[in-house]
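Here is my note on the model you asked me to look over. Please keep the sequence and the coordinates open while reading the points.

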Amino acid sequence: MQTLFAKPFRGGIHPTGHKERTEQSQIEKLPTPKRIFLGLQQRNGTLLTPLVKVGDYVGKGQLVAKGASDMAVPLHSPVNGTVVEIRDYVSAHPSGIKIKTLIIKSSEDNSWSENYPPINPDTLSQDEMIQRILDAGIVGLGGAGFPSGVKLRLAKQKGVHTLLINGGECEPYLTCDDRLMQEHASEVVAGIELMVRAIGAKEALVAVEDNKPRSIEALSHAASEIENISVKVVPSLYPMGSERHLIKAVTGKTVAPGELSVALGILVHNVATARAVYHALRFNRPLIERVITVSGGGIEQPKNLVVPIGTPVSDLLTACGGLTMSAQRLVAGGPMMGQVIPSPYTPVDKSIGGLLALNEQEVRDDQSHDCLRCGRCVSACPMGLMPFQMAAHSRVSDYEGAQDYGLNNCLLCGACSYVCPSRIPLVQHFSHARGQINAQRSMAQKSALARKLTDARKQRLDREAAAKQAEKEAKAAARKKKAAEKKAKQAAAKAAAGE
Amino acid sequence: MQMIISVFVFLLLGGSLGCILGWAQKALKVEGDSRVDDLEAMLPGGQCGQCGEAGCRQAAEKMVKGELAPNCCPPGGKALAGSMAAFLGVELSDEGEDIPVRAFINEDECSGCGRCFKACPFDAIVGASRQMHTVMSSVCTGCRLCEKACSQGCLEMVPVLDQINTWQWPKPQVA
């Protein structure tokens with residue numbers, strides 16, 4: 001165990017933690033929900049093909065949908081039950097756009113459908129391990145939801161030497177990773193060991209913020225006999241959970257803008273992902289549930305719950321005693337980077353680690369004022385950007401100007417909005433600007449494609465016209481030849497007759 | 001003698017002036033506005049005529065003269081309008097922004113006449129003659145040329161709805 005005390009990176013903020021609400025509450029199992037809603041479209045737009053029909057019986061852990069590539073993460077049924085419907089249903093996306101969803105009515109039986117034989121992971125090769133992680137449908141459980149197998153494969157190819165495990169959990173309110181580290185430290189450590197072997201890394205570092213002493217103790221204890229796993233204590237500072245900032249805090253190295261951390265030989269994974277990897281490789285079990293913190297001033301009894309993927313948010317609220325009178329807004333994830341949930345019937349997906357019901361004081365829907373040029377956002381920005389300048393450009397729709405000020409490097413962490421005394425919705429401006437830039441880029445790609453296609457069409461039409469012309473000429477020539485031959489024959493006949 | 005000198009002088013004068021004129025024609029040539037060529041290269045080249053001009057070249061000429069706004073090209077969309085406005089150094093007005101549309105063929109009613117296929121400048125429609133035709137929505141620019149060509153009335157323009165991966169955060173209303 002080693003403690004790092006100097007300021008770990010530039011910027012950052014100390015938001016009020018609110019973690020005391022759920023810090024002490026042991027992870028509980030949510031009763032099996034009556035219906036499960038599995039969205040068949042991922043956040044990045046990738047579509048999954050359902051492998052079951054309406055009326056089919058599905059078992060817990062059965063593969064029910066898969067995509068065309070490794071970037072499309074396979075879905076497994078979290079319950080035993082029957083597929084009752086496949087239709088458009090609300091998803092956890094903040095837009096509230098409905099996506100094709102597999103609806104499963106669950107039965108009382110809660111046992112695993114098949115007898116999944118435990119395996120000895122030591123007998124698996126590196127590629128087999130990564131393939132099994134892909135097949136288990138494991139994604140980064142820290143929030144981004146990137147397929148873990150794809151990340152591990154890339155790390156193996158690039159010869160990553162250090163696996164950095166993110167136990168930062170810097171978002172206020174959330175304690176699911178903290179509780180997971182305390183209650184399942186040995187499983188987390190076992191998962192880390194397996195991942196280290198899968199990518200051929202030399203060592204693993206587990207970084208935990210210093211406001212989680214019990215997790216630090218539990219992990220240090222679990223990892224004490226393992227030489228190449230060490231626990232690092234990092235100061236509590238938001239956004240410590242960001243990959244770049246965690247690397248900077250633990251190793252002192254800076255990931256260059258636009259680069260990936262594997263360029264430095266470091267791969268970052270979340271603690272919950274490590275545990276899911278352990279379950280997949282040791283017990284042959286797909287990712288069908290995850291730990292979620294349900295908290296906020298609008299929740300009667302905040303809790304940490306093990307939730308089957310696809311459970312509607314309303315079931316979680318029910319399990320936590322419902323909403324208080326003052327509850328105003330539902331948020332998926334933490335209060336800093338979380339997204340508004342469009343409806344209480346929204347199902348949770350693999351990347352949601354928190355469910356917050358915020359009350360009036362927590363929502364902070366104050367009127368915003370003009371920028372004071374106080375510079376607090378500049379000192380808070382962990383990426384060293386000037387948020388007020390970027391917002392000024394984006395406000396007048398000058399998105400290129402915002403890009404010149406480094407919009408592409410913005411993490412959308414919300415530290416600037418948090419400190420702004422004028423309550424300017426800075427991070428909202430950046431989300432909007434980023435969306436506009438993406439839309440413009442895809443439109444430009446489409447225009448280029450259209451141009452290419454018209455050129456190709458023109459060439460094709462020219463070719464066809466030329467072929468037609470050639471055919472016509474050939475026919476005409478043949479006709480002429482025939483006529484000439486006929487003439488010659490006639491002349492010969494005449495001559496013969498004349499003789 | 002004088003006559004010979006004057007003939008010589010005029011010959012010299014004529015020759016040198018001719019040389020200067022010849023050089024000037026090459027060196028000081030005024031080319032057609034090169035911006036027209038650049039703009040034409042930027043336009044989709046579908047010759048769809050939605051801007052009200054005969055084709056993309058004519059539209060480019062009018063845009064350079066300032067008679068046509070850079071956002072006149074529906075197939076090019078916002079991105080093209082933005083880049084052309086930046087190229088010409090003009091402001092883009094926000095008004096007149098249409099909802100993007102795509103062609104859609106009601107396949108049950110398609111007779112397979114192939115007129116829409118011939119009308120599409122982007123090869124976004126596929127199908128053989130006397131067979132059902134369909135639109136590849138990822139390629140369709142919504143230029144509406146096929147709409148007029150369809151003899152069955154089974155081809156309509158439908159608005160493009162936001163998908164999870166195309167939806168954008170709206171601009172914050174305050175500040």
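The points below go from the chains to their domains, then to helix pairs and a single residue.

1. Status of the model and the make-up of the chains. The structure is a predicted model, and this should be kept in mind for everything that follows. Chain A holds 14 helices and 18 strands, while the secondary structure of chain B consists of six helices and four strands. Read along its sequence, chain B runs in the pattern α-α-α-α-β-α-β-β-α-β.

2. Overall dimensions of chain A. The radius of gyration of chain A is 30 Å, whereas a compact globule of 499 residues would be expected near 23 Å. The C-alpha trace of chain A extends over about 125 × 65 × 50 Å along its principal axes. Of the 499 residues in chain A, 47% are buried, and among the contacts in this chain with a separation of 6 or more, 73% are between residues 24 or more positions apart.

3. Overall dimensions of chain B. For chain B the radius of gyration is 27 Å, against a value near 16 Å for a compact globule of 175 residues. Its C-alpha trace spans about 100 × 60 × 25 Å along the principal axes. Buried residues amount to 24% of the 175 in chain B, and 57% of the contacts in chain B between residues at least 6 apart in sequence join residues at least 24 apart.

4. Domains of chain A. The assignment divides chain A into domain 1 (2-109 + 117-294), domain 2 (295-363) and domain 3 (376-436). The centres of domain 1 and domain 3 of chain A, taken over C-alpha atoms, are separated by 29 Å, and the contact between these two domains takes 11 residues from domain 1 and 11 residues from domain 3. On the side of domain 1 of chain A that touches domain 3, six residues are nonpolar, four are polar and one is charged.

5. Domains of chain B. Here the assignment gives domain 1 (34-88) and domain 2 (101-159), with C-alpha centres that lie 25 Å apart. Seven residues from domain 1 of chain B and seven residues from domain 2 of chain B make up their contact. The domain 1 side of this contact has four nonpolar, three polar and no charged residues.

6. The interface between the chains. Which numbers of residues do chain A and chain B bring to their contact? In the model, 27 residues of chain B are in contact with 30 residues of chain A. The chain B side of the interface divides into 14 nonpolar, nine polar and four charged residues.

7. Helices H3 and H7 of chain A. The axes of helix H3 (residues 176-183) and helix H7 (residues 271-283) of chain A come within 9 Å and cross at roughly 45 degrees, so H3(A) is oblique to H7(A). The contact is formed by A:Asp177, A:Leu180 and A:Met181 of H3(A) together with A:Val271, A:Ala272 and A:Arg275 of H7(A); by class, it has four nonpolar, no polar and two charged residues. Helix H3(A) is mostly covered, with seven of its eight residues buried, and A:Asp177, A:Leu180 and A:Met181 are among those buried residues.

8. Helices H2 and H4 of chain A. The axes of helix H2 (residues 148-157) and helix H4 (residues 185-199) of chain A come within 8 Å and cross at roughly 50 degrees, and the two helices are therefore oblique to each other. From H2(A) the contact uses A:Leu152, A:Ala155 and A:Lys156, and from H4(A) it uses A:Met195, A:Ala198 and A:Ile199. These residues divide into five nonpolar, no polar and one charged.

9. A:Ser77 in its surroundings. A:Ser77 is found in the loop between strand E7 (75-76) and strand E8 (81-90) of chain A. Is A:Ser77 buried or exposed? A:Ser77 counts as buried because it has 28 C-beta neighbours inside 10 Å, where the cut-off for a buried residue is 20 or more. Leaving aside neighbours within four places in sequence, the contacts of A:Ser77 include A:Val58, A:Gly59, A:Lys60 and A:Ile104. A:Ser77 and A:Gln339 lie 262 residues apart in sequence and, C-alpha to C-alpha, 25 Å apart in space.

Notes:
Residues numbered from 1 in each chain as written. Chains lettered and ligands numbered in written order. Predicted model: local features only at pLDDT ≥ 70, side-chain atom pairs only at ≥ 80, totals over all residues. Rg over C-alpha atoms; globule rule 2.2 N^0.38 Å. Buried ≥ 20, exposed ≤ 12 C-beta atoms within 10 Å, placed from the backbone. Axes fitted to C-alpha atoms, helices over the stretch in contact; angles between N-to-C directions. Parallel < 35°, antiparallel > 145°, perpendicular 65-115°, else oblique. Nonpolar A, V, L, I, M, F, W, Y, C, P; charged D, E, K, R; others polar. Domains from an automatic or database assignment.
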